[in-house]
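Welcome! Shall we learn to read a protein model together, one feature at a time?

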Protein chains: 2
Amino acid sequence: MVGPGKRIMATQYQKAVAGEITPEMQQVAKREKLPPEEIRDEIAAGKLVIPSNRIHLKGNDETGVKLDPIGIGRAVTTKINANIGASPDSSCKEMELIKLRWAVKYGADTVMDLSTGGDLDEIRQHLIAHASVPIGTVPIYSMIVDKNIEDLTYDDMLSTIAAQAKQGVDFFTIHAGILREHLDLVSTRRMGIVSRGGSILAKWMTYHNRQNPLYEMFDEISAICREHDVTYSLGDGLRPGCLADASDKAQFAELETLGELVERAHDAGVQCMVEGPGHIPIDQIEMNMKRQQEICHDAPFYVLGPVVTDVFPGYDHITSAIGAAMAAYYGASFLCYVTPAEHLSLPTAEDVKQGCIAYKIAAHAADIARGIPGARDWDDAISAARAELDWEKQFELAFDSETAKKIHSRGVSPEADYCDMCGRRWCAVRLSREVMRSLAAKNKSD
Amino acid sequence: MVGPGKRIMATQYQKAVAGEITPEMQQVAKREKLPPEEIRDEIAAGKLVIPSNRIHLKGNDETGVKLDPIGIGRAVTTKINANIGASPDSSCKEMELIKLRWAVKYGADTVMDLSTGGDLDEIRQHLIAHASVPIGTVPIYSMIVDKNIEDLTYDDMLSTIAAQAKQGVDFFTIHAGILREHLDLVSTRRMGIVSRGGSILAKWMTYHNRQNPLYEMFDEISAICREHDVTYSLGDGLRPGCLADASDKAQFAELETLGELVERAHDAGVQCMVEGPGHIPIDQIEMNMKRQQEICHDAPFYVLGPVVTDVFPGYDHITSAIGAAMAAYYGASFLCYVTPAEHLSLPTAEDVKQGCIAYKIAAHAADIARGIPGARDWDDAISAARAELDWEKQFELAFDSETAKKIHSRGVSPEADYCDMCGRRWCAVRLSREVMRSLAAKNKSD
């Protein structure tokens with residue numbers, strides 16, 4: 001029997017299954033303009049998650065900041081994630097806080113701290129203390145900072161995961177799906193393993209000639225997640241790293257394991273998402289989304305892009321926004337951004353901004369196409385302002401007002417009722433208004 | 001009877017129908033790695049065009065520059081166009097030449113001079129004299145520089161079109177499909193008419209209460225086009241200017257007329273493309289492409305984007321690259337770029353660069369997805385270099401080497417065999433190589 005004292009420790013998933021509507025579900029329902037019952041039912045069905053570690057929900061005493069919960073799943077608007085984090089070569093705690101702020105300013109719904117350099121515990125703590133968006137991590141990164149991969153013990157892994165859960169991390173990427181028996185499938189690949197977590201675990205498995213420890217310890221990890229209500233984001237360690245490797249045997253072998261782990265996570269009462277590729281050509285995106293949803297029991301799909309061509313380093317926010325928009329249209333719920341620095345360097349704050357905006361475009365365009373009620377209202381409003389040549393209103397409604405205003409005022413004064421693309425005399429919108437007025441007058445007099 | 005003296009004046013279309021393979025068809029075949037017979041047959045079927053005004057093909061005596069012909073159609077790789085041109089508020093002849101050079105450097109297959117300010121004849125002449133890519137124009141723009149729209153006579157229109165054909169323009173946007181009877185369909189629109197040519201003609205029609213003069217004079221215009229082998233690009237004066245207007249009655253009414261004009265162009269021996277939207281949500285792109293191909297007898301479809309959300313002015317190169325990639329995958333042959341300045345200002349040379357790159361991404365990604373033979377080779381080559389951590393080779397193969405190199409060297413020295421995204425120690429590619437080597441050794445010893 002579950003007494004009231006125990007009830008409070010149940011996860012959003014467990015409560016949903018028990019029929020309870022939590023304050024977090026209420027909040028998500030309000031934000032998405034949906035009935036709370038629908039949010040609850042989607043969570044209970046494993047189709048929606050609210051990444052919300054109880055410690056982050058409670059908030060930080062010093063900063064006064066606490067988590068503002070969001071929902072991720074097909075029933076709600078598409079969400080985007082921004083990866084930030086220090087590397088051994090660059091960045092510091094304060095710089096990461098700036099990136100967090102830029103990410104949120106430019107639309108990130110969640111932020112992942114992927115630091116592999118600096119004082120990782122401190123950076124993570126700092127970010128959670130200042131973030132009202134859910135924070136995700138890949139715990140294996142911090143396990144190997146002072147250690148060789150091959151020296152990692154089961155205890156090292158579990159204690160790191162537990163420590164991060166206690167800090168208030170809302171979702172964990174856990175690469176439990178890449179198995180020892182999958183590794184031979186990688187040998188024919190052009191790019192091998194491009195997931196950092198995947199390659200670390202592959203090295204461990206090869207060295208010890210043993211199974212993936214995160215797979216072996218999945219129940220223990222689930223127990224930690226359940227305790228704090230950390231949401232799983234099952235990592236795809238074998239995601240394709242180039243078009244040539246897309247939709248190959250290695251990718252889909254791991255996907256089968258991920259499907260199995262989704263069920264095990266739910267059995268353990270833990271909320272669960274699944275991560276996906278990577279690099280996929282346009283013609284394979286729909287198939288990939290449908291296949292994942294089928295194999296992973298409709299768990300929310302969290303994709304990285306996908307990048308749809310490999311030859312544009314420096315512009316991968318664009319190559320991948322194309323893939324992300326299509327992925328979100330066909331089945332993904334959650335888009336991990338890619339910045340212009342992808343494949344080249346650690347993103348700067350400016351890269352974070354560019355990545356967020358490209359992904360906000362992809363998410364919003366997909367939501368309109370999916371027919372999410374009200375999604376197009378914003379577009380209709382800016383179009384009305386455009387039709388009225390109301391520039392102030394256009395800037396106000398533009399996602400990045402500052403940039404729009406700057407480009408407009410390059411050619412004409414900010415008060416001008418036209419832009420210098422056509423000039424005032426040949427402005428199509430102005431001419432169109434004249435035509436419409438004459439036609440209306442003519443039709444009236446007829 | 002057609003004697004040899006007459007033969008030389010026939011268009012690529014007429015020659016293809018007669019079974020002839022021209023040097024231009026040979027050249028396109030070579031570039032596309034296809035048999036010349038296939039190029040000829042596609043042209044004869046109206047499915048492919050080689051915009052190549054005889055005067056531009058002959059070349060300019062002063063500059064020594066002549067047209068290097070390209071093919072546009074579904075049988076060949078997707079092409080992209082860059083719009084440049086002075087406006088009454090900004091730009092000059094030399095600036096337009098710089099934009100032409102940037103456009104070509106960053107991958108534009110054709111360039112349209114949309115000038116509405118400055119000495120239009122001089123700018124156009126200057127661009128043709130320096131361009132080895134096909135040059136397109138919208139002749140109606142230069143008709144109204146010194147005149148009120150309502151004062152334009154049939155003779156003004158024909159003589160301007162003839163003069164531009166004599167200058168060597170390779171393709172003309174002619175808005176002959178927007179009819180008087182379509183205008184009432186526009187009254188319920190949110191954005192009205194957003195095509196500059198469309199709004200000019202609508203004003204003329206409304207003022208005179210007469211049919212579209214370009215429609216009335218279509219045979220005369222065709223005769224001019226045939227004389228110099230100027231390719232039609234039938235303008236869509238009623239293209240939707242926002243998502244709310246996409247796929248509406250006005251758009252599709254005009255499309256029916258465009259389908260009729262394609263046949264009339266072919267009957268007149270003139271090569272012909274059709275222009276398309278504009279602003280379309282993701283879920284309507286496939287339908288729009290299929291419908292156009294059906295109604296327009298598979299004439300190459302030349303789309304402007306489409307933009308898939310209206311609320312990101314300043315980033316419309318990205319919103320529209322998403323639409324363009326999908327359009328090219330589903331049926332378009334030719335993508336007119338949109339720059340970050342769209343809806344706001346005349347593009348600068350930097351905007352031209354950004355627009356071209358976004359569209360090169362869309363075109364190339366679509367070509368891979370369409371299974372164009374060899375399209376992915378470039379991607380496979382850069383992926384191989386990436387797998388080998390060969391940075392020099394990656395930069396060499398990157399579409400914009402300079403930018404890729406700059407971002408990489410932000411964090412580490414140019415000679416480093418890693419990047420500062422993961423740092424050297426946790427570089428997934430390096431770890432993956434180690435794993436693959438151990439596995440290979442193990443498998444060998446087994």
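What follows is a conversation between a learner and a teacher about this predicted model.

Q: Where do I begin? How many helices and strands does chain A have?
A: Let's begin by counting the elements. Chain A holds 20 helices and 10 strands.

Q: How does the radius of gyration of chain A compare with that of a compact globule?
A: The idea is to set the value beside what a compact globule of that length would have. For 446 residues that would be near 22 Å, and chain A has 24 Å, which agrees. Along the principal axes, the C-alpha atoms of chain A fill a box of roughly 85 × 55 × 45 Å.

Q: What share of the residues of chain A is buried?
A: A residue counts as buried when its relative accessible area is under 20%. In chain A, 66% of the 446 residues meet that description. On the outside, chain A exposes about 15,500 Å², and carbon and sulfur atoms supply 50% of that area.

Q: Which contacts in chain A join residues at least 24 apart?
A: Take the contacts between residues at least 6 apart in sequence; in chain A, 73% of them join residues at least 24 apart.

Q: And the charges: how far apart are the mean positions of the positive and negative ones in chain A?
A: Chain A has 48 positive and 64 negative charges, and their mean positions lie 5 Å apart.

Q: How many disulfides are there over all chains?
A: In general, a disulfide is a covalent bond between the sulfur atoms of two cysteines. Here the count is zero over all chains. A:Cys225, for example, is in no disulfide, and its nearest cysteine sulfur, from A:Cys272, is 9.3 Å away. A:Cys356 is likewise in no disulfide; the nearest cysteine sulfur belongs to A:Cys336, 10 Å away.

Q: Is A:Cys225 buried or exposed?
A: Because its relative accessibility is 0%, A:Cys225 counts as buried. A:Cys356 is also buried, with a relative accessible area of 1%.

Q: What should I know about backbone angles?
A: Most residues other than glycine have a negative phi, and most peptide bonds are trans. That makes a good background for the cases below.

Q: Which residues does a cis peptide bond join in chain A?
A: That bond joins A:Pro277 and A:Gly278, with omega about 10°. A:Gly278 sits in the loop between strand 8 (272–276) and helix 14 (285–295) of chain A. In chain B, the peptide bond from B:Gly305 to B:Pro306 is cis too, with omega near 5°. B:Pro306 is in the loop that runs between strand 9 (301–304) and helix 15 (316–330).

Q: Where is B:Lys33, and what is its phi?
A: Look in the loop between helix 3 (23–32) and helix 4 (36–44) of chain B. B:Lys33 is not glycine, yet its phi is positive, near 55°. With 75% relative accessibility, B:Lys33 counts as exposed. B:Asn209 has a positive phi as well, near 55°, and lies in the loop between helix 10 (196–208) and helix 11 (213–216) of chain B. At a relative accessible area of 43%, B:Asn209 is partly exposed.

Q: Which residues does B:Ala75 touch?
A: Leaving aside residues up to four places away in sequence, B:Ala75 touches B:Leu34, B:Glu38, B:Glu42 and B:Leu48. B:Ala75 belongs to the loop between strand 2 (72–73) and strand 3 (79–84) of chain B, and is partly exposed, with a relative accessible area of 21%.

Methods
Residues numbered from 1 in each chain as written. Chains lettered and ligands numbered in written order. Predicted model: local features only at pLDDT ≥ 70, side-chain atom pairs only at ≥ 80, totals over all residues. Heavy atoms only, no water. Helix = DSSP H or I, 4+ residues; strand = E, 2+ residues; numbered from the N terminus. Rg over C-alpha atoms; globule rule 2.2 N^0.38 Å. Buried < 20%, exposed > 50% of the residue type's maximum accessible area, 1.4 Å probe, protein only. Contact = heavy atoms within 4.5 Å. Areas by Shrake-Rupley, 256 points an atom, 1.4 Å probe, with all protein chains shown as cover. Lys, Arg positive; Asp, Glu negative; His and termini not counted. Charge placed at Lys NZ, Arg CZ, Asp CG, Glu CD. Disulfide = S-S within 2.5 Å.
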